[in-house]
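Colleague: Before I rely on the terms used for this protein, I should like to see the reasoning behind them. Could we go through them one by one?

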Amino acid sequence: MALSIDILEDSGVRYLHFGSSWIQGAMRIARPWNLELEYTKEMMASLLLREDSHFPRKVLLIGLGAASLTKFLYRNYPLAKLTVVEIESGVVAAARQFFKLPEDPLRLRIVIGDGAEFVVNSTQTYDLILVDGFDADARAGALDTTAFYQAARAHLNDSGIMAVNLLGRSRGFAASVERISTAFEGRAIAFPSCDSGNTICLAVTGHAINITLDDLKDQVLELKEKTGLNLLPTLTRLEQAQTCAGGTLVL
């Protein structure tokens, strides 16, 4: 059955739906390159964890939606090459028509296909893998399995990071976090849930991350200066959750 794609607008924001009330993406029409939804902003916290000025250079995005993450990275990280895997060709068409997805085959590769299968069969490695794929009923399917997370880890570079958008609904997200933690040998952290109910989990490979919350705040301010993205509320919630022992994030 063909996916039902609905485009709605309200108060200057354009929304993407897949035939249900679940919001699959959003864009403020006056600021199309900005991140509108809170969880998309929090997925970009992954950019804070590596001090390498060249990070990220190779990015894999699973799930296109309204192309918010794709456009943010495309605009603010001009040296990054992006690969986006989207299972529904209609979503790509909608992103081009309604959400200003750029066409730039030199920097932006769009693949129509199953994200889990793509990762398993890929011969590439990436600095950053962003996983945000759901069906019309907000189910992640094979993208939320230990096997997929293990495959993603195998396709990360030595300083690689994976960020996953988890939507626990009635069952919560603890089992998903446990699967990620298992695949990454405990090197994972889940942020406190956003108001929308989304939870972002970050997992890392390679070089250890050991950064104080004070230094993280400096990184947040630098990112805000560079891109306009303000992650100070995310940092505050991370502090309040007391998930960083001794005021230090260790992964």
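Modeller: The discussion below takes up helices, a buried residue and some backbone features of this model, which is a predicted one.

Colleague: What makes H5 oblique to H6?

Modeller: The axes of helix H5 (residues 146-154) and helix H6 (residues 174-183) cross at roughly 40°. Angles under 35 degrees would count as roughly parallel, and 65 to 115 as roughly perpendicular. The crossing angle therefore makes H5 oblique to H6. The two axes come within 8 Å, and H5 passes H6 in a right-handed crossing.

Colleague: Which residues of H5 and H6 meet?

Modeller: From H5, the residues are Thr146, Tyr149, Gln150 and Arg153; they meet Ser176, Arg179, Ile180, Thr182 and Ala183 of H6. Divided by class, this contact has 3 nonpolar, 4 polar and 2 charged residues.

Colleague: Why are the buried residues of H5 said to lie on the same side of the helix?

Modeller: The residues concerned are Phe148, Tyr149, Ala151 and Ala152. They cover an arc of only 160° around the axis, and therefore they are on the same side of H5. Ala147 and Ala154 are exposed, on the other side of H5. In general, an α-helix has 3.6 residues a turn, so residues three or four places apart point the same way.

Colleague: What do the buried residues of H5 pack against?

Modeller: Their partners are helix H4 (115-121), strand S7 (126-131), strand S8 (156-167) and H6.

Colleague: How do you know that the buried residues of H8 share a side?

Modeller: In helix H8 (residues 232-241), the buried residues are Thr234, Leu235 and Leu238. Their arc around the axis is only 100°, which puts them on the same side of H8. These buried residues pack against helix H1 (38-43), strand S9 (188-190) and helix H7 (213-227).

Colleague: Why is Thr234 called buried?

Modeller: The term buried requires a relative accessible area under 20%. Thr234 has 6%, and is therefore buried. Leaving aside residues up to four places away in sequence, Thr234 touches Glu42 and Phe191.

Colleague: Why do Ser11 and Glu185 count as exposed?

Modeller: Exposed means over 50% relative accessible area. Ser11 has 65% relative accessibility and so counts as exposed; Glu185, at 63%, therefore counts as exposed too. Ser11 is in the loop between strand S1 (6-10) and strand S2 (13-17), while Glu185 is in the loop between H6 and S9.

Colleague: What is notable about the phi of Ser11 and of Glu185?

Modeller: Phi of Ser11 is near 55°, a positive value, and Ser11 is not a glycine. Glu185, also not a glycine, has a positive phi of about 50°. Most residues other than glycine have a negative phi, and most peptide bonds are trans.

Colleague: Where is a peptide bond cis?

Modeller: The bond from Phe55 to Pro56 is cis, its omega being near -10°. Pro56 belongs to the loop between H1 and strand S4 (58-62).

Colleague: Finally, why is Ala245 called exposed?

Modeller: The cut-off is again over 50%, and Ala245 has 67% relative accessibility, so Ala245 counts as exposed. Ala245 is located in the loop between H8 and strand S12 (248-250). Ala245 and Thr212 are 33 residues apart in sequence, and their C-alpha atoms are 9.8 Å apart in space.

Definitions and conventions: Residues numbered from 1 in each chain as written. Predicted model: local features only at pLDDT ≥ 70, side-chain atom pairs only at ≥ 80, totals over all residues. Heavy atoms only, no water. Buried < 20%, exposed > 50% of the residue type's maximum accessible area, 1.4 Å probe, protein only. Helix = DSSP H or I, 4+ residues; strand = E, 2+ residues; numbered from the N terminus. Arc of directions from axis to C-beta. Contact = heavy atoms within 4.5 Å. Axes fitted to C-alpha atoms, helices over the stretch in contact; angles between N-to-C directions. Parallel < 35°, antiparallel > 145°, perpendicular 65-115°, else oblique. Left-handed = near helix turned anticlockwise from the far one by under 90°. Nonpolar A, V, L, I, M, F, W, Y, C, P; charged D, E, K, R; others polar.
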